[in-house]
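Dear colleague,

I am passing this structure on to you, with some notes on its cysteines and its charged side chains below. Please look through it before you read on.

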Amino acid sequence: MSGNVNIGLPSDKLSFRPLEPVEPPETQTIRDKTYIVLVSTGSFNPPTYMHLRMFELARDALKLEGFDVIGGYMSPVNDAYKKRGLISAKHRIELCHRACRSSEFIMVDPWEANQNTFQRTLTVLCRIKSSLVESGQISGDSLKVMLVCGSDLLESFSIPGAWIREQASSCSTTDQFKKQRLLRAKVMTICRDFGVVCIRREGQDVDKIICNDDILSEYKNNIKVVNEIVPNQISSTRIRDCILSGLSVKYLTSDEVIDYIKQHHLYSNSMVL
């Protein structure tokens, strides 16, 4: 895989608890032998309570189906993503560490953010699974790594060009077509070999999104759609807007995150956080 900075995968919060049978012994299925690790990729610019809630919602939904979620990873995007307003990976990694400090199972994997180049989501998922298997803590047959995302990201899987970072003007039509085919293949691999836990956003018809896309519909059994019992509209963009306007962001993210933003004058020179 691309990237040449070797960074170990954190494992201090991994929990290999004995699984409780969900069926009588004579009818138990492979589910009670499957351990799941959740992975969320993104800017985390800054991390919010919604980012953390997505892990909790995903874990609850999978637990109800008899799976055991043994850990979760936040993987901040590389600086090479060059998204407008993206602060340096150094700060975002630290913010994520502070955000998940109170969690019993969510960790921060700094590997993606520390590579020399932009890394695709599939590369991150492969790296996390291979690292866990190679550590000898769990076998590949018993481990399932799943991507946690909002339904807006799931919808982008089926939008032509949505996952192509280069400007259309910098590539020929043929190159754009080739890139799109390659990225669609990566989407298929994510859905087929890993799986997705999709948190439904208000106002989005996730069933329609899945039904209208060939890849998503083919692997719909590997896409778990989770409803928010308590809708949460907190977003990094809205937090940045509040900071820029000099408004309070308390109770939108953790106090430790806010303190770090204040200490390093991130997103704004305002100190009214």
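Asp255 is partly exposed, with 39% of its relative area accessible, and the side chain of this residue meets that of Lys250 in a salt bridge whose N to O distance is 3.0 Å. Lys250 is likewise to be counted as partly exposed, at 36% relative accessibility. Please bear in mind throughout that the model is a predicted one, and that the values I quote are computed from it.

The Asp255 pair is one of 11 salt bridges that the structure holds. Another joins Asp109 to Arg127, where the side chains meet at 2.6 Å, N to O. This pair links distant parts of the chain, since Asp109 belongs to the loop between β3 (106-108) and α3 (111-114), while Arg127 lies in helix α4 (residues 121-134), 18 residues apart. As to their surroundings, Asp109 counts as buried at 0% relative accessibility, and Arg127 is buried as well, with a relative accessible area of 5%.

A further bridge is found within a helix, namely that between Arg98 and Glu94, whose closest N and O atoms are 3.0 Å apart. Both residues lie in helix α2 (residues 89-99), where a spacing of 4 residues corresponds to about one turn of the helix. Arg98 is buried, with a relative accessible area of 19%, which falls under the 20% limit for that class, whereas Glu94, at 25% relative accessibility, counts as partly exposed. I would also point you to Glu56, Arg59 and Glu104, which are linked with one another in a network of salt bridges.

Turning to the cysteines, how many disulfides does a search of the whole structure find? The search returns 0. In the case of Cys96, the closest cysteine sulfur is that of Cys100, and because the two sulfur atoms are 7.1 Å apart, they are too far from each other for a bond; the cut-off for a disulfide is 2.5 Å between the sulfurs. Cys100 is accordingly in no disulfide, its nearest cysteine sulfur being that of Cys96. Cys96 counts as buried, at 0% relative accessibility, and Cys100 is buried too, with a relative accessible area of 3%.

If you go through the model yourself, the Asp109 and Arg127 pair, which links distant parts of the chain, and the pair of Cys96 and Cys100, with sulfurs 7.1 Å apart, are where I would begin.

With kind regards

Conventions. Residues are numbered from 1 along each chain as its sequence is written. This is a predicted model: local features need pLDDT of at least 70, side-chain atom pairs count only at pLDDT 80 or more; totals for chains, interfaces and linings use all residues. Side-chain values use heavy atoms; hydrogens and water are left out. Buried means under 20% relative accessible area, exposed over 50%, partly exposed in between (1.4 Å probe, protein chains only). A salt bridge is a side-chain nitrogen of Lys or Arg within 4 Å of a carboxyl oxygen of Asp or Glu. Helices (H or I, at least four residues) and strands (E, at least two) are DSSP runs, numbered from the N terminus.
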